[in-house]
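Reader: Could you take me through one part of this model in close detail, cut-offs included? I'd like one connected answer rather than a list.

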Amino acid sequence: MRSKISSTIKEIELHRRELDGLRAKLEQRRKSLFDTTVKAMMARDKSKASVYANEWAELRKVGKVVYASELALTQVVLRLESIVDVGDVMSHMSMAFKVLRKVNKTVQGLVPSLDQASSGINNTLTETMAEMSNVSPNISLNINTDSGA
C-alpha cells in the first residue's frame, strides 16, 4: 500500500507542478494584456482597451481556478503523506502489541506485579490503537481563492 501511495503522491505532484507552470504562463499573459490595455487607454482607444481589459479579467478568473486546483492537489498530497505516517505508527503499535502479548504469556503468574504492569500497558496500547483507528481520513477541499492569482 505504501508504494501505491508514494506513486500516487509523485503523480499528483507532477500535475501540481504542471498547474504551477500554467499559472505562471497565465500571469505573463495577463501582464501583457494589462500593458496593452494601458497603451490603448493612453491612445484613447476605449473599445480596444475594453476588449483587452475584459480578457484580462477572464484570465484572472481562470488563474484563480488554477490556483485553487493547485492548493487542492497540495492538500491531497499532504493528507496522503499523513496517511503513510499514521500507517507506520499503526504498524509499530501492532508489533509492540504482539511483543507484549508474548511477554505477558511468558511472565503470567510468575511475578504478580509484572502481571499487573503488563495488564496496564496492554490496556494503554489497546486504547491507543482504538484512538488511532478513529483518525479521520476526510479531506476538505474548501479553498478560498480570494488571495490567489
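Author: Here is a walk along helix H1, after a few words on the whole chain.

Bear in mind that this is a predicted model, where local features need pLDDT of at least 70, side-chain atom pairs count only at pLDDT 80 or more, and totals for chains, interfaces and linings use all residues. Numbering runs from 1 along each chain as its sequence is written, and side-chain values use heavy atoms, with hydrogens and water left out.

The protein has three helices and zero strands, and reads α-α-α along the sequence. Helices here are DSSP runs of H or I with at least four residues, strands are E runs of at least two, and both are numbered from the N terminus. Of the 149 residues, 21% are buried, where buried means under 20% relative accessible area, exposed means over 50%, and partly exposed is in between (1.4 Å probe, protein chains only). As for contacts (heavy atoms within 4.5 Å), take those between residues at least 6 apart in sequence: 81% of them join residues at least 24 apart.

Now to H1 itself, which covers residues 2-42. Its 41 residues should span 60 Å at 1.5 Å a residue, and the end C-alpha atoms are 59 Å apart, which agrees; the expected span is 1.5 Å times one less than the number of residues. After the helix comes Arg44, with a positive phi near 60 degrees.

Start with the nonpolar side of the story. Among the buried residues of H1 are Ile5, Ile9 and Ile12. These three belong to the largest nonpolar core, together with Val76, Val77, Leu80 and Val84. Such a core is a set of buried Ala, Val, Leu, Ile, Met, Phe, Trp, Tyr and Cys residues joined through side-chain atoms within 4.5 Å. H1 and helix H2 (46-107) are the elements that give it two or more residues, and H2 supplies the largest share, four residues. Ile5 shows the link up close: leaving aside neighbours within four places in sequence, Ile5 touches Leu80, Ile83 and Val84.

The buried list for H1 also holds charged residues, including Glu13, Arg16 and Arg30. That brings in salt bridges, meaning a side-chain nitrogen of Lys or Arg within 4 Å of a carboxyl oxygen of Asp or Glu; the count comes to eight. Arg16 pairs with Glu13, with the closest N and O atoms 3.2 Å apart, and both partners are buried. They sit about one helical turn from each other because they are three residues apart in H1. Glu13 also bridges to Arg17 at 3.9 Å, and Arg17 is partly exposed, with a relative accessible area of 46%. Further along, Arg30 and Glu27 meet at 2.8 Å, N to O, again three residues apart in H1. Arg30 counts as buried because its relative accessible area is 9%, whereas Glu27, at 32%, is partly exposed. Elsewhere, bridges that share partners join Glu13, Arg16, Arg17, Asp20, Arg23 and Glu70 into one network.

Finally, Phe34, Val38 and Met42 make a nonpolar surface patch of about 320 Å². Patches take residues with over 30% relative accessible area and no salt bridge, joining like charges within 9 Å and nonpolar side chains (Val, Leu, Ile, Met, Phe, Trp, Tyr) within 5 Å. Phe34 is partly exposed at 45%.

Terms used. Accessible areas come from the Shrake-Rupley method with a 1.4 Å probe; for residues, only the protein chains shown count as cover.
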